[in-house]
Amino acid sequence: MARRGAAALALALALALLAVALAGVGARGAALEDPDYSVQEIWSREPYHARPNPEPEPEPFSPPLPAGDGEEERQPRPSQHRPPKKASKPKKAPKKKLAPETSPPGKNSNRKGVRSKSSEKAASDDHSIPVARDDVREGCPPLGLETLKITDFQLHASTSKRYGLGAHRGRLNIQAGINENDFYDGAWCAGRNDLHQWIEVDARRLTKFTGVITQGRNSLWLSDWVTSYKVMVSNDSHTWATVKNGSGDMIFEGNSEKEIPVLNELPVPVVARYIRINPQSWFENGSICMRMEILGCPLPDPNNYYHRRNEMTTTDDLDFKHHNYKEMRQLMKVVNEMCPNITRIYNIGKSHQGLKLYAVEISDHPGEHEVGEPEFHYIAGAHGNEVLGRELLLLLVHFLCQEYLARNPRIVFLVEETRIHILPSLNPDGYEKAYEGGSELGGWSLGRWTHDGIDINNNFPDLNTLLWEAEDRPNSPRKVPNHYIAIPEWFLSENATVAVETRAVIAWMEKIPFVLGGNLQGGELVVAYPYDMVRSLWKTQEHTPTPDDHVFRWLAYSYASTHRLMTDARRRVCHTEDFQKEDGTVNGASWHTVAGSLNDFSYLHTNCFELSIYVGCDKYPHESQLPEEWENNRESLIVFMEQVHRGIKGLVRDLHGKGIPNAVISVEGVNHDIRTASDGDYWRLLNPGEYAVTAKAEGFTSATKNCMVGYDMGATRCDFTLSKTNLARIREIMEKFGKQPVSLPARRLKLRGRKRRQRG
């Protein structure tokens, strides 16, 4: 009996242990559904394909890896996260960088630039963890600190000097205000300089972290940056594990100055929810300050409603990638072959390096100006590193072709009633330089200027000063018209500091009678309308409206209001400016004064109403962001083009029905005229209302009529027929019979001389 009782007791104990083990397995399985269970790290000594055992072995310092994570890691990532193959080779950091404009050596890539040697050194150390080359080659896109996809609530720090230097300002490429005030400074700066400071990102879901990019503080006055740091990860924000270098904590090399981004790739990807940067050293004369971006691939999580709600997808079948010069030309060729009847590729000139400035014309009769059909243009890439506008225009060209073939009535009307010109890359030399740096490592200014260092956007002649000086001195013998102001002679000389790209654009705009245009830029999210130059010489910011201010406000709002984010009052400002007081629009001069801008030149020298459209906070977003940016801007790009059909249009002809070129069209109450094109047709952008419009031309009597502009889309037809003046008729008749018209002043002088001789 005693033996039987002992056997029963042993059996009971065995069953109890089995129950505990099963409960542990169940808890472990349940942990897979709980993102806060533990840190999900993969620290492998060999790439997965080289290991006979598919189960990854965690390092001693890391928490146990739940069963099943190895299988999830082996699943291929979505294709939109795949960087270009060119990014496969890591780049060594150059020994010395003199300025952010200096381009790192190497092939084009979206991931290349200044890179710390620490990860490479660790990889070559016998006692360190070898880099999983396949994972590094595969890469991951940025989480979105620079694009604001990561919200302020996802950024935390140990301490900060003040609110304007809080964790929410620790974003890659964020710019400080001129005064660097309490709200808009250029980095996160710790409140104390010690080894216990940190800044962290909550990815809000399990993420495979692959790298960290850092910068110093953006400041005109101070020099602050971190020279080395540790990387820590966690799944609950309480228990942290430090990325190891063999048996010790890995120290990553940071920045050697404040503007050039530095990439450190982790030796192997790390799966966790939180990632923390812990500065270890900093510039000796500065403070702990940094801006950063995190590279990581969010893991699939169908149960995460928050993430699904904020995902943006597109149904448009377009080429969502960054195109270098050759690829851009190839895409244009593909579109031209798809839609040969409505597209034409031409160039307006060459860049400083000899690259052709290609444009695509989209019209039902490409290559010719149709009488009564307005001309529209989009320009992008005046600043070579503002790449988003370039890619949006390439997507737009492809989209218009596809939708026209699909007989989308809206696009068919736009193409058949408008002559559209799209110039996606005005500064291809600058773009190629920015492309070398890549989307994350190019910094804020690499490739901005032309090859000879000129900012195209501000390289046009200053016609504002000529106009305003004439208006301030009305009795001056030199009269300046309120439109078609001539370009000064000094600007036309070969020795003038004018980019060849600028001269090409001027010739293009003088040749084609554009009615409306938009130049796409980056780094902000706003539409700026002229004037861009302040009238008061002693001010740097001053609201300076044009005579067509109400029209420009409408045009700007038409784009901003249909953009997914521009007029959203809840959105975070990109850098320092909050443009919500004018619903995502701003008068250029009230923002910052610019002399010789494209907008002002276009308005004062041609008929074209030009606006600057800033399409995103991130000048050069990762290509994984392009589908979302396309969705943000697609409707706005189309709506803005449609505004070319708002106002009045018509023909100015003589009694024989022949069009009169260069006839002046004046609108009562608006001190800005336009002129007819070579065939006598004109277009005048106006808001809804009733206007007294006058047409006049040299040698003809003027004519005035009332023209009504409605709210419906479509310009009101307002034609004029002018008759020649008596003097013009006399001259025409006498020239017809080979006689010269009699000059009345000369005839009076002759009569007076004859009378004097008779008296004498």
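Which cysteine forms a disulfide with Cys189? In this predicted model, the partner of Cys189 is Cys289, and the two sulfur atoms lie 1.9 Å apart. Cys189 lies in strand 3 (residues 188-189) and Cys289 in strand 11, so this disulfide ties together parts of the chain that are 100 residues apart in sequence. The torsion about the S-S bond of Cys189 and Cys289 is about 115°, and the disulfide is therefore right-handed. Cys189 has a relative accessibility of 0% and so counts as buried. The relative accessible area of Cys289 is 0%, and Cys289 is therefore buried.

The structure holds 5 disulfides. A disulfide is a covalent bond between the sulfur atoms of two cysteines. When the bonded cysteines are counted along the chain, the pairing follows the pattern 1-4, 2-3, 5-6, 7-8, 9-10.

A further disulfide is formed by Cys140 and Cys297, with 1.8 Å between their sulfur atoms. Cys140 is located in the loop between helix 4 (133-138) and strand 2 (155-157), whereas Cys297 belongs to strand 11 (residues 289-298); the two cysteines are 157 residues apart, and the pair links distant parts of the chain. Because the torsion about the S-S bond of Cys140 and Cys297 is about -115°, this disulfide is left-handed. Both Cys140 and Cys297 are buried.

Cys707 and Cys718 also form a disulfide, and their sulfur atoms are 1.8 Å apart. Cys707 is in strand 25 (residues 703-709), and Cys718 is in the loop between strand 26 (716-717) and strand 27 (720-721), so the parts tied together are 11 residues apart in sequence. Cys707 is buried, as is Cys718.

Strand 25 is also part of an open sheet of 4 strands, which has the order 22-21-24-25 and antiparallel pairing. Strand 22 and strand 25 are the edge strands, each pairing on one side only. From one strand to the next, the twist averages 30°. Strands of a sheet pair through backbone hydrogen bonds, either parallel or antiparallel.

Within this sheet, strand 21 (residues 664-667) and strand 22 (residues 670-675) run antiparallel and are joined by 3 bridges. The two strands form a hairpin with 2 residues between them. In the turn, Gly669 has a positive phi of about 90°. Val667 has Val670 of strand 22 as its bridge partner, and Ile665 stands opposite Ile674 in strand 22.

Several residues of this hairpin are in contact with Arg684, a residue of strand 23 (residues 681-684). Among the residues that Arg684 touches, leaving aside those up to four places away in sequence, are Val667, Val670, His672 and Ile674. Other contacts of Arg684 include Asp548, Phe609, Arg646, Gly647 and Ile648. A polar atom of the Arg684 side chain lies 3.0 Å from the backbone oxygen of His672.

Is Arg684 buried or exposed? With a relative accessibility of 1%, Arg684 counts as buried, because the limit for a buried residue is under 20% relative accessible area. Cys608 has a relative accessible area of 0% and is therefore buried as well.

Key
Residues numbered from 1 in each chain as written. Predicted model: local features only at pLDDT ≥ 70, side-chain atom pairs only at ≥ 80, totals over all residues. Heavy atoms only, no water. Pairing = 2+ DSSP bridges. Disulfide = S-S within 2.5 Å. Buried < 20%, exposed > 50% of the residue type's maximum accessible area, 1.4 Å probe, protein only. Polar contact = N/O pair within 3.5 Å; in protein donor to acceptor, adjacent residues only side chain to side chain. Contact = heavy atoms within 4.5 Å. Axes fitted to C-alpha atoms, helices over the stretch in contact; angles between N-to-C directions.
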